[in-house]
Amino acid sequence: MNRILNLILMFSVLSGATSLPSRTVPAAPPRAADTDAAKEKRLRWFREAKFGLFIHWGLYAVPAGEWKGKPVPGIGEWIMNRAQIPVREYEKLAAQFNPVKFDADAWVRVAKDAGMRYIVITSKHHDGFALFHSKVSKYNAVDATPFKRDILKELSEACARQGMRLGF
């Protein structure tokens, strides 16, 4: 459990700032029909929640800041750009993405135990790889990896079971 806690706390952010844009609110995305009152209600909840978990995870976790034996400076999700990795070569990382120890219920439980009120996860990063199953593209955790599981579906279901809000 300590390893899971360390992982989650590594990704957590204390976020009580009131200047964050409304798109970070862990609720349904704003719709044109939303009223100012509905938007303010979501923002009020977010401001009061204060403490949440932001998970930034994707294929870039496979090389873990290193490409062809050399460290690549900067934040991990930009490794393709910073190391000038061709798209076809980068896409091959999907064959190595197999987080067999992923346990959505454990992640949510640890977040709740730490006092967090919501979880926000990057569901699809700029590299195009999705952590969810998609009919639009096979470049996702279900179709392109040996893991073959829909990470967002599992996390969403775990959040629902444990009363945690989720945004992506």
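**Exercise 1. The span of helix α6**

Task: In this predicted model, find what end-to-end length α6 should have from its number of residues, and compare it with the distance between its end C-alpha atoms.

Solution: Begin with the count, which is 12 residues for α6. The expected span is 1.5 Å times one less than the number of residues, so the helix should span 16 Å. Then turn to the model, where the end C-alpha atoms of α6 are 16 Å apart, which agrees with the expectation.

**Exercise 2. The two sides of α6**

Task: Decide which residues of α6 are buried, and which exposed residues lie on the face turned away from them.

Solution: As a first step, apply the cut-off for burial, which is under 20% relative accessible area; the residues of α6 that meet it are I151, L152, L155, A158, C159 and Q162. These buried residues cover an arc of only 130° around the axis, which puts them on the same side of α6. As a second step, look at the face turned away from the buried side, where the exposed residues K153, A160 and R161 are found. As a third step, ask what lies over the buried residues of α6: the cover includes β2, α5, β5 and β6. Finally, inspect the two ends of the helix. At its start, a side-chain oxygen of D150 comes to within 3.2 Å of the backbone nitrogen of L152, while just after α6 the residue G163 has a positive phi of about 70°.

**Exercise 3. The nonpolar cores**

Task: Identify the residues that touch the most other members of the largest nonpolar core, and state which element gives this core its largest share.

Solution: The largest nonpolar core has 34 residues, and within it I119 and L155 touch the most other members. The elements that contribute two or more residues to this core are β2, α5, β5 and α6, and the largest share, five residues, comes from α6. To see how I119 is surrounded, leave out residues up to four places away in sequence; I119 then touches L53, I55, V108, A111, L155, C159, M164, R165, L166 and G167. There is also a second, separate core of five residues, and among its members are F46, A49, Y118 and V120. As a general background, nonpolar side chains in soluble globular proteins tend to be buried together.

**Exercise 4. Pairs of aromatic rings**

Task: Classify the ring pair of W57 and F97 and the ring pair of F129 and Y139.

Solution: For each pair, take the distance between the ring centres and the angle between the planes, since these two values describe a pair of aromatic rings. For W57 and F97 the values are 5.5 Å centre to centre and 50° between the planes, and this pair is tilted. W57 lies in the loop between β2 and β3, and F97 in the loop between α4 and α5, so that the pair links distant parts of the chain, 40 residues apart. Both W57 and F97 are buried.

For F129 and Y139 the centres are 5.4 Å apart and the planes stand at 80°, so this pair is edge-to-face. Because F129 and Y139 both lie in the loop between β5 and α6, the pair ties together parts that are 10 residues apart in sequence. F129 counts as buried at 2% relative accessibility, and Y139 counts as buried at 13%. To finish, place these rings in their wider setting: W57, F97, F129 and Y139 belong to one aromatic cluster together with F102, W107 and F147.

Note on methods: Residues numbered from 1 in each chain as written. Heavy atoms only, no water. Core = buried A, V, L, I, M, F, W, Y, C linked by side-chain atoms within 4.5 Å. Buried < 20%, exposed > 50% of the residue type's maximum accessible area, 1.4 Å probe, protein only. Helix = DSSP H or I, 4+ residues; strand = E, 2+ residues; numbered from the N terminus. Contact = heavy atoms within 4.5 Å. Arc of directions from axis to C-beta. Polar contact = N/O pair within 3.5 Å; in protein donor to acceptor, adjacent residues only side chain to side chain. Phe/Tyr/Trp six-rings, centres within 6.5 Å; stacked < 30°, edge-to-face > 60°.
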